[in-house]
Amino acid sequence: FMAWSPKRDLIALANRAGEVNRLANFQRVWSLPPNENTGKEVTALAWRPDGKILAFGLTDTKRIILCDVEKPESLHSFSVDSSITYMHWMEVTEESSVLTSFYNAEDESNLLLPKLPALPKNYSTTAKIFSEEKSDEIMKLLGDVRLNALVLGGSCGFIEIYAYGMFKIATVTGVAGSCRGLCLSSDLKSLSVITEIRDSSDSEAEITYFQASKLDTSLLSSYLPEVTRMARKFTHISTLLQYIKLSLTCMCEAWEEILMQMDSRLTKFVQEKNTTTSVQDEFMQLLLWGKASLELQALLMNQLTVKGLKKLGQSIESSYSSIQKLVISHLQSGSEALLYHLSELKGMALWKQKYESLGLDASGIEEAITAVGSFILKANELLQVIDSSMKNFKAFFRWLYVAMLRMSEDHVLPELNKMTQKDITFVADFLTEHFNEAPELYNRKGKYFNVERVGQYLKDEDDDLVSPPNTEGNQWFNFLKHSTHLKESPLLFPYYPEKSLHFVKRQMEGVIDQCLQKPADVIGKSVHQAFCMSLYKTSQSEDSTPQLFKLPFLWNDKTSNIHYVLFTMLEDSISKIHILRRHTDTSRSVSNGILAVEFGNFLGNSINESSDSRCYSCLDAHFYDDETVSVVLKESMEQEGKERVLAQLPLSSIYTDEDQDREFIWDSTKRLDEQSGEIPTRTVILENQWRVLENMKAQYVSVNGIRKVSCVVST
């Protein structure tokens, strides 16, 4: 696959190995090798109309990746239900006063919300896209305020439209077959699709019909300002979800395995010791009498060591404080911004005459707001746990450090020696609460202790917390328990004391996804088929017909639009180009003209004049601009040194006399190839707009008329 950038001399190429390359002046600028996060089989490419983002679809992982034009870095990716066979990314050019005022207005969220803090750089690559202080990556993803839409076509009639390439705005149903080409008009009024339908009733060969169907998507165009506004909101929301996810990833990385040392050492101690005294009592005795049993002494002096204790204390402090920073500055600001956008969305949903027909549903958004609230509560709970853990560990380590220095008969500094009654009570409480053995925990986690309480919130494998916070005697909890009215109140966010942070986050993502899904279904159901026709059957042999479809929409002027479908059809063993021209004028009357084009002998080869004048088969064709088609031709004569030719075919030379192209009377009951005899054929002898491609088995061409460049790939 190859695609020219709409704005610069850049071409994106994808090969069988799953590499995506970006070339400029045919120097490779970057290459993105396949990896397990993306996938291996690239099946479609598309540039965003402003040329800043390249999208590609992968079959094996069924993912769509949005990649930055400057560096091979995935900015956003999402999964789809089907393998993608075609992609088209278009920009809406429709103008209206409402839209212009919306495009020019400052996005209020920038004025009201603090800027999201950049994620720290010292964590893994996942956090890269939000880490550069300079660039506001979110705005980069949104790009221009103008609405643009990425249309995906896949197997089994799968068609989806994504606003800004990120938010699913329509799931189109009712198209049969797998998609071979699509195009959404720039006023969003119609979507054209070519599909391949396999009919398996015939056991010998699978028969394939091609259909060009035109779908009416007028709901999108009539509610364009609302769709744009909604899409911007949804894009903000999905970016924020990604931000929260990455902040959590950073938190998990900040939590180090060394923090588990205390738990594992104590567990080992329980397994090896001979006495019946519990670990808790051993430590209590040390605290009260300053004497330790020999076994405890061995554990502390030989395994933990004074040096080890210091290191553990420092690790806990640095790790906890970085997690704390991430929660306060990133998780909380991300979730507050999320609350803001969801509340705005709810306001939009309540404006029923504008947004109801697009499927925005206030009650679903209400649930999403509640879920974000629960997530914020959980993050606050984590902060409290970190806070108390830091205090406890500090006091405990300080006491233990002095006790160990005494055991080794080292000199203890007088300022360390002072322990007030309050400190002793504090350490005693910590020992009572955290050092009790839990045999049932051993079966679940392979350890008897859970001294370290922060990791359980960040571990992804568990939904339930090992040691949930103690809510006994909490006045607010008791008040809620006994108040019947408050239990069901929509003003209170539900709180899940038993669950981990990951669990609450997953729940929040699920609910938000659910409420973002609805508009796509509603808008998708409004799309109906306006017109459909069968083109032809493909032949059974693999390579006889290159299947070729191009569907650009070309505007002549504001009053009418012309839509071409280019395809090749085999006729008498020559692959001819057929140009189907649909002309819609202001009165919405549609005229379908179809022409077949064949190429006469223009190379001037000394072949027998009496022989057939048709000498060329068409391998690939592309619209170069509104008036010209670029074609790759191959000589069809069976002779040595067959040349391949790149030629420019002006449409003016085909559509000479307007009345002629109306001659063909379309019989909709038959396929087009069954009535190919009646299709008017133009034989074109090209004057000088061609060039022989020497020593090259040219097969595909990709052109960019705006930049006046083309690229030919040879087999």
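**Exercise 1. Strand 7 and its neighbours**

Find which residue is the bridge partner of Gly57 in strand 7 of this predicted model, and then describe how strand 7 pairs with strand 6 and with strand 8.

*Solution.* Begin with the single bridge: Gly57 has Ile64 of strand 7 as its partner. This bridge can be placed in the pairing of strand 6 (residues 53–58) with strand 7, which is antiparallel and extends over six bridges. The connection between strand 6 and strand 7 is a hairpin with four residues between the strands, and in its turn Lys62 has a positive phi of about 55 degrees.

Next, turn to strand 8 (residues 74–79), which runs antiparallel to strand 7 and is joined to it by five bridges. Here Cys67 stands opposite Ser74 of strand 8, and the two strands, 7 and 8, form a hairpin with five residues between them. Finally, consider the accessibility of strand 7 (residues 63–68): five of its six residues are buried, so the strand is described as mostly covered.

**Exercise 2. Rings around Phe430**

Classify the aromatic pairs that Phe430 forms with Phe393 and with Phe396, and state which helices each pair links.

*Solution.* The descriptors come first: a pair of aromatic rings is described by the distance of the centres and the angle of the planes. For Phe393 and Phe430 the centres are 5.6 Å apart and the planes make an angle of 70 degrees; because an angle over 60 degrees counts as edge-to-face, the pair falls in that class. Phe393 belongs to helix 11 (residues 362–407) and Phe430 to helix 13 (residues 421–434), so this pair ties together parts that are 37 residues apart in sequence.

For Phe396 and Phe430 the centre-to-centre distance is 5.3 Å and the angle between the planes is 50 degrees, which makes the pair tilted. This pair, too, links distant parts of the chain, with Phe396 in helix 11 and Phe430 in helix 13, 34 residues apart.

The burial of these rings can then be checked against the cut-off of 20% relative accessible area: Phe396, at 0%, counts as buried, and Phe430, at 3%, also counts as buried. Phe393 is buried as well. As a last step, ring pairs link Phe283, Tyr320, Phe393, Phe396, Phe397, Trp399, Phe430 and Phe435 into a cluster, while the count of aromatic pairs comes to 15.

**Exercise 3. The surroundings of Val454**

Decide whether Val454 is buried or exposed, and list the residues distant in sequence that Val454 touches.

*Solution.* Locate the residue first: Val454 is found in the loop between helix 14 (439–445) and helix 15 (455–458). Its relative accessibility is 0%, so Val454 counts as buried. Leaving aside residues up to four places away in sequence, Val454 touches Trp255, Tyr320, Ile323, Leu382, Val385, Ile386 and Ser389. For Leu382 the separation can be given in two ways, since this residue and Val454 are 72 residues apart in sequence and 7.2 Å apart in space, C-alpha to C-alpha.

**Exercise 4. Two side-chain contacts**

What lies 2.4 Å from a polar atom of the Thr235 side chain, and over which ring does the charged end of Lys499 sit?

*Solution.* Thr235 has its place in helix 5 (residues 224–254) and is buried, with a relative accessible area of 0%. The atom sought is the backbone oxygen of Ala231. In the second case, the charged end of Lys499 sits over the ring of Phe503, at 4.7 Å from the ring centre.

Key
Residues numbered from 1 in each chain as written. Predicted model: local features only at pLDDT ≥ 70, side-chain atom pairs only at ≥ 80, totals over all residues. Heavy atoms only, no water. Phe/Tyr/Trp six-rings, centres within 6.5 Å; stacked < 30°, edge-to-face > 60°. Buried < 20%, exposed > 50% of the residue type's maximum accessible area, 1.4 Å probe, protein only. Lys NZ or Arg CZ within 6 Å of the ring centre and 35° of its normal. Pairing = 2+ DSSP bridges. Polar contact = N/O pair within 3.5 Å; in protein donor to acceptor, adjacent residues only side chain to side chain. Contact = heavy atoms within 4.5 Å.
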